[in-house]
Structure formats: C-alpha cells, structure tokens
Amino acid sequence: MPFPGGLWWLLCCRRGFTLLRRDYGEAEREADGEAEEEEEASFELRAHGDQGSLEVSLSQPTRSSSGSERSLLVAEEMRSLIVDKGPGPVEDEPDALVKGWLQREMRGCMKTPWIRPRKYWFVLTPDSLDYYSSNEKGARRLGSLVLTSLCSVLWPDKQLYKETGYWSVTVFGRKHCYRLYTEHLNEAVRWVCAVQKVIDSKAPVQTPTQLLMRDVEEHRDSPEVLEQIYRCNPILRYTSGPLYAPLLPFPYGSLDQSAPGPRSYTTLRDEAVKLFNSLQQLESERDPVPLMQGVLQTCLDLPPLVDEIYCQLVKQTTEPPAPGGQGDLHYWQLLTCMSCTFLPSPPVLRFLRFHLDRTENRFPASEMAKYACFIREALGKTKGRECVPSLEEILVLMQRQEMICTVHCPGAPACSVAISSHTTAEEVAQELVSRLGLSQSPNLFALYEQSRRREQPVGSATLLADVLTRFENLAGEDREQDPPCRLCFKHYGFLDTDNVPRDSLEFALLFEQAHEMVLRGYVPTSEETLQTLAALRLQSLNSDFSTHAPFPRLEELFPPHVLHARLPPLPHRPPKCRGARLRAGLLAGGLWGQALAKQRAERDQRLRGRLREEGASTMAAIVEKWKLLQGMGRPEAMAAYVALVREWPGFGSTLFDVDLQASPVGAGPQRLWLGIGAKAVSLYKPGEPEPLDSFCYGRISSFGASDSSTFRLSVEDRDLLFETSQVDEIAQLLKTYLASAGAQRLPRPQEPPTSAPTLEPTVLPQGLCPAPGPWPPVGSSHS
C-alpha cells in the first residue's frame, strides 16, 4: 500500500532535520573537545624562554578515555604556551589581528558537492585562531586552535579552486587541521599571511627530551644528579611500549614531497613514530639487516629524522632490561650503521658522545663498550653519504670489521683492498699506485666504474662504499638492461707515454688501454692495420699459432663497427604523408602486415648471414697474419701493438663524443670527437686520423658549462659550444691537466664579471686524479 503524500513529506522533513542536527552537533562536539585535546596533545612542548626547575618526570601517554588517568605533568609545561579558551560567548577582542567570515570543511563536505561547507566567524589573535557561530556579541565560541612555532599554513591551491570554486587556507595544529575556504583569492592570501606572521613571531618550543639533554650536559660531572635525572625521567630510558609522539619537535602537517625514489611518506611526526615501531621490531628479528637498511633509507630520504633516530636509539640502549642481549645488540648495531652514514646535529652529537662514555664506564670490556668505541671513532670520520650502506656493508658493520673491495687491473691480476665506510677512491688509488710500483710514473691513474656499455672515472673524494651500494642496486635490477659494474684501475691522464719501460706493469696497463681504444673505434686507421693489431693481440695472448690455442671472440680482437660498415645500408624511405601513414596502419594488422613482418625477418636473417660471412673472412685474414708472427715474444708483440697505435697523432688523448653547435672550421661536421690531451685540445671528425683543429692550452681563455648538457670552450676570440652528456668528465679532465702541468694564469680578452668565481689550479699528488668539484662558470679565467 503506497504511503500518502503527507507521510512522505513528514519523512523527508525528519531526514532533513536529522542531517542538520548532525551538522550542528558535530560542530558543538568539536568545540567541546578541541581545547582539552590540544592540552593533551601538547604535553611534550615548552616555550623556549621558560626557565625553572627541570622536574620533568614524564612517561609515555596512555590511551585511556579518562584524562585523569594520564600520567603527565603538563600544568607547569603548558602554562606559558596554551591560553585557556574553552567554549564561551564572543567578546570584544582588543588584540584581534584579523576577523572575517570563512567556510570550514565539515566531515569532508568539499568531497560531497551537494553539502556546502559551514560558514563561521573567525578571529585571529596573537595566540590562537578562534571561530564562532556568528559575529554578534555573545555568540558561542565553537573552537580554538593554539598557534605555536610548530604550526604551519598552506597557501591557496589553484587546482582546488578549479575543482570546487573555493580558495583554501589550511592551518595545521598539533591535533587539528582547519581547512578553511573563501571565494576570493585576496581574502585567502590575507589570512595566510596573517597566520604565518603569528607563527613566525612565536618562540621556539622544546620537548622534554631536549630539555633533559641540556640538563644532562650541564650536570655531566655530577654522577648523583645524573642518576637522579635518569631515574626520575622514564622518557630517557628504554621502553617496551609504543611512542605516541616524537622525541624532538617537528612542524605540524609538514608533508615531505621532495623525498627521492618510489617511497611515499606522510608527515615527519608520523614517520618518526613509525620508525620507533620499526626499531622495536629489531629486538625479535632473526635477520635485522633489511629492516636496518629500510630505517637508514628513510633517514636518507628525510634528513630531519636523523636526529630523532639517534635520540630513539640512545633511549632504547639506556638501561635496557637485558644489557648485551640480542635485542640490545641489534640497537647498537643499527647505531653503528647510523654513525657511519649520518652525522647528527651538535646538541645530539654531544648527547650521543656522553651516552657512549656512560656505557663504556658502566659496562667495560662488554660488547656494548666495543660498539661504543667503534661508534666514537666513526663519528670523527663521517661526512655524509650519497647512498645508504649496502647489505654487505651492514653485515660487516655489525661485526665491526672492514669490507674487501675487488679492483680489476687490465693486464694484471685483480687486487683485493680492505676498505671501511669512510675510504675514498683517492686512498684506494694511492694504495694501488704504491702496491703496483707506479709511484715514479709521471702519468695519472684513477678508479673507474666499468661495464660493457659505459665507463666513467670515480672522483677522488667519492666514498667507495657508495659505489658498491650502486653496484648492489644495479645487480638487483634487470641484468640484461645494464650488466653489473666493476671497479677498474686504469690510466686517467697520459703525460708521458714514450718513456714507459716495456717490462713494467705500467706498460701492460698502457697496452690494455690502447686495445680498448681500438675496439671502441677511437683509433682511426686502415682495416689492414686493424687486422695486424688483432694478430699482435693473439700473439700476446697465445704466443705462436696453434690449432689448439684458445681463440677469443672476434669482437674481442677486431672493432665490431668495421664489420657492420661492410653491410649494405637499409633502403631509405621518404616520410609518408598523413594519409599514407593511416593506410599503412590499417593494412599493418591484416595479411599485408604479416607479409611485411615476414620480409623484415628474412632481411634480418640475410644480414646476420652476411655478417657471419664477413666475420669468418676477417678472422681468416687475422689468423694468416698471426702465422707470420712466428717466434715473436709477448713483450715484443705488446710493444709492436702500442707502436702501431701510437702512430695516430691523437694517441694519449681522451676522446669524447660531442655535437658542435657552431663549427669553427666552416662547413665541418656536427658530430665530432673532442680530444683532451696533456698539451692540447683537439677536434676530430670520427674516423679521420688528422684533427680538424687543435688548441694548445695557451690559447684557451676559459671553459665551463652553459647548462647540464652544454660545454663551452673559449679559444681566443671564439666560443665553442658542445652538446654532450659528459660535461662533468670533460671539465674535470681539463682541470686535471692544468693542475698537473702547474700552468700559470692565462690572460683573457675581457675581464670576467666580479660575481663570477675563478678557479685556481692546485698541486695534486702525483699519480692521482683530483676530487670532483664545481667547474668554473663561463667567463672565468683558467690556466
């Protein structure tokens, strides 16, 4: 039986009044609870200027329904911070800064467009942001947000205005977040500026942990006072319960969106509490290494959390229930990894050093004391890391040992070097120079990150632990896309290649590096000479010809690009018009497309067969030349190989592939080789033996980077711009040659701007490449 019309009207009105009552009721319930929750939530804050006896005696807050059950002494702490503003009638505010009507979001009403946000009368004072039901005298105060130096305010969002038609003003407090809206941008900006001005005027607040750290530092020479401080303040000691608030102050609502990588983070305060939960999981973890690396990665992504984690670890290693147990040692092991990765701020560093001394005095000759000693030494060497420790490094640090790093040397056995988390590439290169007897060589050496597809030098100041971490990350990715890298010790710069003894290890390094240049096509010469070089390579590897001798692959003896150049080029097809492309796309999915795919597969198969034929004929020619080297020893074969390569004028230079924007040689090619040598900078057309142009260092007035992919070289009255992905390497190598040669300052056509810094060459240790640094901007003089 259908309801009569009057009954339907009554039900709809009752539903509407219910919605209205819920809306108003929620506002009143918020008003009744906000002041109490603000006092509860701010138990750990204290104004910076408050002085008095430090009887903090705080424990962690318990989550119970009754406020009297919370074991917090907040009255003295909050007296100067929170103004008692409960719900009450509106009065004339003599200290009101801004007043006006704003709409406040209620229960996500901006997400439901059919429910408009409620409008309230807001009053901003030097201490709080209050809102009332109306602007009439005697109107009820519905809520108050206390403003401290930790509050934050967000500027209006244009995207939100496009979606809703409102400009937003978001104010973050300890427990509450006021999301306010207005239809006028000027009004929103006025409120944001006013609130931010009040926040900036507030004195910094301190947590009890900070106050106790200061008290511990002041009374570190009084054992009785220190024991009383630790006994009366559980916040300094180990706890098995959760942490509901950070130990250090963090801005409210400070979302960190700049953290690199795929990980997403919430507010700093929430992340600090989550990290404490992760620390507590360490106690029962059988394999704590992945969890430790996760904590370290979070600290690397969010640097403000470094001090917080140090304080949490100090807290959990102070008076634990089982000193020296598995859980306690896991805390100490993570603290060891932290000390080798991050350096805390000076106040936290002093507190940490006191904790280490206290542990060593209370537990001498224990595992905790050994970790404390190791951490103290590490803190004196740590300067910051680019990457978190690798899994292997964490395992080594847990045992307080050194890592073994393998460095490959072309023409010599690989070297194993013991390194720590603070060892730089310069220290390892210097050790290898001494170990391999290269101290008297005038040439420069360096470590390289090397793979099949790329090679780049490692800066002298780079920590090898960071390099190994990058290798571990690459190994965890798709190996087919980027083969695993390795460290290689090679020549970095050639200052003298003529006087290298043939029976020395350096000559073997020179031979291997010359062979790499040949395979990469950086030695332009005839194909006949390339076959002779391949035969000499076989003679140096296997001695005289034998059918039982192992044959390397052809691409390890002969430049692959020469074989590919023999193949017929693919037919050039002119670009199709739009209609032709459309018809081709429609036909591609049918029988015509299958026929085209079959033709392409057959063509590729013919090209591969042709490439195999060319390779077989080239290998036969190489073998015939190898047979003619009967009786030549390995040193003679290496010397003959290097002598052939040295016939190219550019031997000894480091070549970079560049695109010249404005060619200085008229109608020269755009794709060039930029050769950086010990005496000059040269430009080569790829594959041509003679340079297009060459500039001695006396003609170079300045060099630098126009942007991240453009290198600028000023030669007398010309400016050469090179497009390259190796701007850093080019500038660094130029600085190396200039500094090694000890060249004097060069004159320049015009004076550089007074604001542009200049580069002064420094004297470098012999045999080592310099540390990476900022190259001088364009317009500065060099020598």
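1. Among contacts in the protein between residues at least 6 apart in sequence, 67% join residues at least 24 apart. The model under review is a predicted one, and its secondary structure comes to 22 helices and 21 strands. Of the 783 residues in the protein, 48% are buried.

2. The nonpolar interior deserves attention early in this note. The largest nonpolar core has 59 residues, and those with the most contacts inside it are Leu296, Tyr310, Leu313, Trp332, Leu334 and Met338. Leaving aside residues up to four places away in sequence, Leu334 touches Leu279, Leu282, Met292, Val295, Leu296 and Leu313. Another core, of 39 residues, lies apart from the one just described, and Leu533, Leu536, Val562 and Leu655 are among its members.

3. One helix pair can be described in some detail. Helix α10, which covers residues 326-339, packs against helix α12, which covers residues 367-379, at an angle of about 10° and with the two axes 9 Å apart. Because angles under 35 degrees count as roughly parallel, α10 is roughly parallel to α12. On the α10 side the contact is made by Asp328, Leu329, Trp332, Gln333, Leu335, Thr336 and Ser339, while α12 contributes Glu367, Met368, Tyr371, Ala372, Phe374, Ile375, Ala378 and Leu379. Sorted by class, this contact of α10 with α12 has 10 nonpolar, three polar and two charged residues. Trp332 of α10 thus appears in this contact, and Trp332 is also listed among the residues with the most contacts inside the largest nonpolar core.

4. Just before α10, the backbone at Glu319 merits a check. Glu319 has a positive phi of about 55° although it is not a glycine, and its place is in the loop between α9 (305-316) and α10. With a relative accessible area of 33%, Glu319 is partly exposed, since values between 20% and 50% fall in that class.

5. A similar remark applies to Ser543, where phi is near 65°, a positive value in a residue other than glycine. Ser543 lies in the loop between α17 (527-542) and α18 (560-566), and its relative accessible area of 38% makes it partly exposed.

6. Turning to the strands, β3 (residues 118-124) has six of its seven residues buried, so this strand is largely enclosed by the rest of the structure. Strand β2 (residues 98-104) pairs with β3 in the antiparallel sense over seven bridges, and within that pairing Gln103 stands opposite Lys119 of β3. Strand β4 (residues 128-132) also runs antiparallel to β3, to which it is joined by four bridges, with Leu124 standing opposite Leu129 in β4. Between β3 and β4, which form a hairpin, there are three residues.

7. A second hairpin is formed by β10 and β11, with two residues between the strands, and here Gly411 takes a positive phi near 80°. Strand β10 (residues 403-409) and strand β11 (residues 412-419) pair in the antiparallel sense over six bridges, and the bridge partner of Cys405 in β11 is Val417.

8. Seven strands form an open sheet with antiparallel pairing, and their order is β18-β17-β16-β15-β21-β20-β19. The edges are held by β18 (693-696) and β19 (700-707), each of which has a single partner strand, so one side of each is left without a neighbour in the sheet. Neighbouring strands of this sheet are turned by 30° against each other on average, with direction ignored. Within the sheet, strand β15 (residues 654-660) and strand β21 (residues 718-723) pair in the antiparallel sense over two bridges, and Asp659 stands opposite Glu723 in β21. Leu655, whose number falls within the range 654-660 of β15, is one of the residues of the 39-residue core.

9. A last point concerns Pro251, whose place is in the loop between α6 (223-232) and α7 (268-281). Pro251 is partly exposed, with a relative accessible area of 34%, and it touches Leu150 and Arg269, not counting residues up to four places away in sequence. Although Pro251 and Thr267 are 16 residues apart in sequence, their C-alpha atoms are 8.7 Å apart in space.

Methods:
Residues are numbered from 1 along each chain as its sequence is written. This is a predicted model: local features need pLDDT of at least 70, side-chain atom pairs count only at pLDDT 80 or more; totals for chains, interfaces and linings use all residues. Side-chain values use heavy atoms; hydrogens and water are left out. Axes are lines fitted to C-alpha atoms, for helices over the stretch in contact, and angles run from 0 to 180 degrees between N-to-C directions. Angles under 35 degrees count as roughly parallel, over 145 as roughly antiparallel, 65 to 115 as roughly perpendicular and the rest as oblique. Contact means heavy atoms within 4.5 Å. Ala, Val, Leu, Ile, Met, Phe, Trp, Tyr, Cys and Pro count as nonpolar, Asp, Glu, Lys and Arg as charged, and the others, Gly among them, as polar. Two strands pair if DSSP finds at least two bridges between them. A nonpolar core is a set of buried Ala, Val, Leu, Ile, Met, Phe, Trp, Tyr and Cys residues joined through side-chain atoms within 4.5 Å. Buried means under 20% relative accessible area, exposed over 50%, partly exposed in between (1.4 Å probe, protein chains only).
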